[in-house]
Amino acid sequence: MPFLISPVMTAGTLASRPQPALPADGGLLLRPWRAGDAPAVYEVFQDPLMHQWHARAADSVDEAGAWIREWLQAWDGEQAAHWAVADADSDTLLGRVALRELRLDDGTAEMAYWTVPAARGRGVAARATTALTNWALDEAGFHRLELLHALPNEASCRVATRTGFALEGTKRSAVLHPDGWHDMHLHARIGTRTPRPS
């Protein structure tokens, strides 16, 4: 049975090229992860605030290194796309920004981010999210990006609002956190590119 529409993005759209480094405002650089980032990732995941909003903890630098290997392999498998957010001059790790739940045929993905404790309150997450959103919608060819956060996570809600992700509603009891099930705000950004004819 033939499809009446073409895929928004074809298989190989990402994996056929190296993962790009993306500059962001305020002297930030979104770059592919490196094995040497493992100690910094381990350190971030010792922070109690990370435990509040994330389902995973890192018990060792080696475990953090395994995550980085998974993040790098996800690009080749077109399952997800993860970037380290670094200071462009010093290369100090400031956070992470990612596209998860990739569905190339539909042109959709889910935005995710975190920042190291020392970078919070400085607009790092918003600037990194803006840079990745612009690349995903304007260059890579995604049509819709979703952003989910627990309702009590007001800082994440501010990032979503500042970066143009419109609030679309609440997903009730949608994600399990260490303290129980959370309602999640659903935000989204839509691309403006004209779809290709089938």
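Two strands are taken as paired if DSSP finds at least two bridges between them. In this predicted model, strand E5 (residues 108-115) and strand E6 (residues 144-150) are joined by 4 bridges and run parallel. A handy place to start looking is Ala109, which stands opposite Leu145 in E6.

Stepping back from this pair, the sheet comes into view. It is open and built from 8 strands, in the order E1-E2-E3-E4-E5-E6-E8-E7, with mixed pairing. Its edges are formed by strand E1 (22-24) and strand E7 (166-177), each of which pairs on one side only. From one strand to the next, the twist averages 30°. As a reminder on the pairing itself, strands of a sheet are held through backbone hydrogen bonds, in either a parallel or an antiparallel manner.

Two helices are worth following along this sheet. Helix H3 (residues 61-76) packs on the sheet and touches strand E3 (81-87), strand E4 (93-103) and E5; the direction of H3 makes about 125° with that of E3. Helix H4 (residues 124-140) also packs on the sheet, where its contacts take in E1, strand E2 (28-31), E3, E4, E5, E6 and strand E8 (180-190). The direction of H4 makes about 35° with that of E4.

The aromatic side chains add another layer to the picture, with a count of 8 aromatic pairs. One of them joins Phe45 and Trp114 in an edge-to-face arrangement, 5.7 Å centre to centre and with 90° between the planes. This pair links distant parts of the chain, 69 residues apart: Phe45 belongs to the loop between helix H1 (38-44) and helix H2 (48-53), while Trp114 lies in strand E5. Both Phe45 and Trp114 are buried.

Trp67 and Trp71 form a tilted pair, with 6.4 Å between the centres and 45° between the planes. Because Trp67 and Trp71 are 4 residues apart in helix H3, about one helical turn separates them. Both of these tryptophans, Trp67 and Trp71, are buried as well. The two pairs come together in one aromatic cluster, formed by Trp33, Phe45, Trp67, Trp71 and Trp114.

Charged side chains also meet aromatic rings in this model. The charged end of Arg96 sits over the ring of Trp71, 5.2 Å from its centre, and Trp71 is itself a member of the aromatic cluster. Arg189, in turn, lies over the face of Phe165, at 5.9 Å from the ring centre.

Technical notes. Residues numbered from 1 in each chain as written. Predicted model: local features only at pLDDT ≥ 70, side-chain atom pairs only at ≥ 80, totals over all residues. Heavy atoms only, no water. Axes fitted to C-alpha atoms, helices over the stretch in contact; angles between N-to-C directions. Contact = heavy atoms within 4.5 Å. Phe/Tyr/Trp six-rings, centres within 6.5 Å; stacked < 30°, edge-to-face > 60°. Buried < 20%, exposed > 50% of the residue type's maximum accessible area, 1.4 Å probe, protein only. Lys NZ or Arg CZ within 6 Å of the ring centre and 35° of its normal.
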